[in-house]
Amino acid sequence: KRKVLLWGGVAAWGAAPGWMTGCMHNGDEEEVRNVDPRRARARARETRLAAGDYQPGPWSRSNALEALASIYGQEMGDLYVQALDDESPSVRFVAIMVIGDTEYAPAKDRLLAMFSDAEIDRSTHCAVSYALYRLAETDEARREYAAPLGFHLQDADPEVKRNAAMVMGKIGHPSAIQPLKDMLDDVQEVKVKGNI
């Protein structure tokens, strides 16, 4: 039910700009003028869903997760966990990051399994390290979860480097400053430099 609400909310956000810019529904200008602003979002959602099975793309789903996390925090944690099974790697990455941001502890066992999975995508592993670091209860555990980030920072894949640098910055531990500084001059990729 909540998953439907999440993507229904994305649908409403996607349809709302059409109402706000004055698009006519079936050419009925009077109907548009008489829309109650307090019901505009609900009307936009109804209109969008009536157009067929609306499935927002990965970009919209990722942004919806980030928005929900910043507004509702842990309250929507079950949706973040559901998004760990999303077909898109970028949505799964964002889901892990928002679990870390909100410190949603019920996801910890799932994240521990991912952390130990030898087949996990290295970029995703950066996010898992971050989320587990945020959920850790001891300094020893934090060190264990952060340790792979140094290796990921040296990865040949620029996306993995970029995500490792971003995660190290979000963790904010002073020990990350020197490794990041050391590699700054050698990195050619603009996005990696930006995250460093």
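In the predicted model, Leu111 touches Ile96, Ile99, Val128, Ala131, Leu132 and Leu135, not counting residues up to four places away in sequence. Leu111 also belongs to the largest nonpolar core, which has 46 residues. Together with Tyr80, Ile96, Ile99 and Val128, Leu111 ranks among those with the most contacts inside this core. Eight helices each supply at least two residues of the core: H4 (58-72), H5 (77-82), H6 (89-102), H7 (108-116), H8 (122-135), H9 (139-153), H10 (158-171) and H11 (177-184).

Helix H4 also holds Ser62. The relative accessibility of Ser62 is 9%, so the residue counts as buried, the limit being under 20%. Ser62 is in contact with Ser90, Val91 and Val94, leaving aside neighbours within four places in sequence. Phe93 lies 31 residues from Ser62 along the chain, yet the C-alpha atoms of the two are separated by 8.7 Å.

Helix H9 was examined for length, bend and burial. The helix has 15 residues, which at 1.5 Å a residue should span 21 Å. The end C-alpha atoms of H9 are 21 Å apart, so the expected and modelled spans agree. H9 nevertheless bends by about 25° at Tyr145. A proline, Pro148, follows within four residues of that bend. Both Tyr145 and Pro148 are buried. Ala141, Leu149, His152 and Leu153 of H9 are buried as well. The cover over the buried residues of H9 includes H7, H8, H10 and H11.

Definitions and conventions
Residues numbered from 1 in each chain as written. Predicted model: local features only at pLDDT ≥ 70, side-chain atom pairs only at ≥ 80, totals over all residues. Heavy atoms only, no water. Core = buried A, V, L, I, M, F, W, Y, C linked by side-chain atoms within 4.5 Å. Buried < 20%, exposed > 50% of the residue type's maximum accessible area, 1.4 Å probe, protein only. Contact = heavy atoms within 4.5 Å. Expected span 1.5 Å × (residues − 1). Bend = angle between axes of the 7 residues up to and from the residue.
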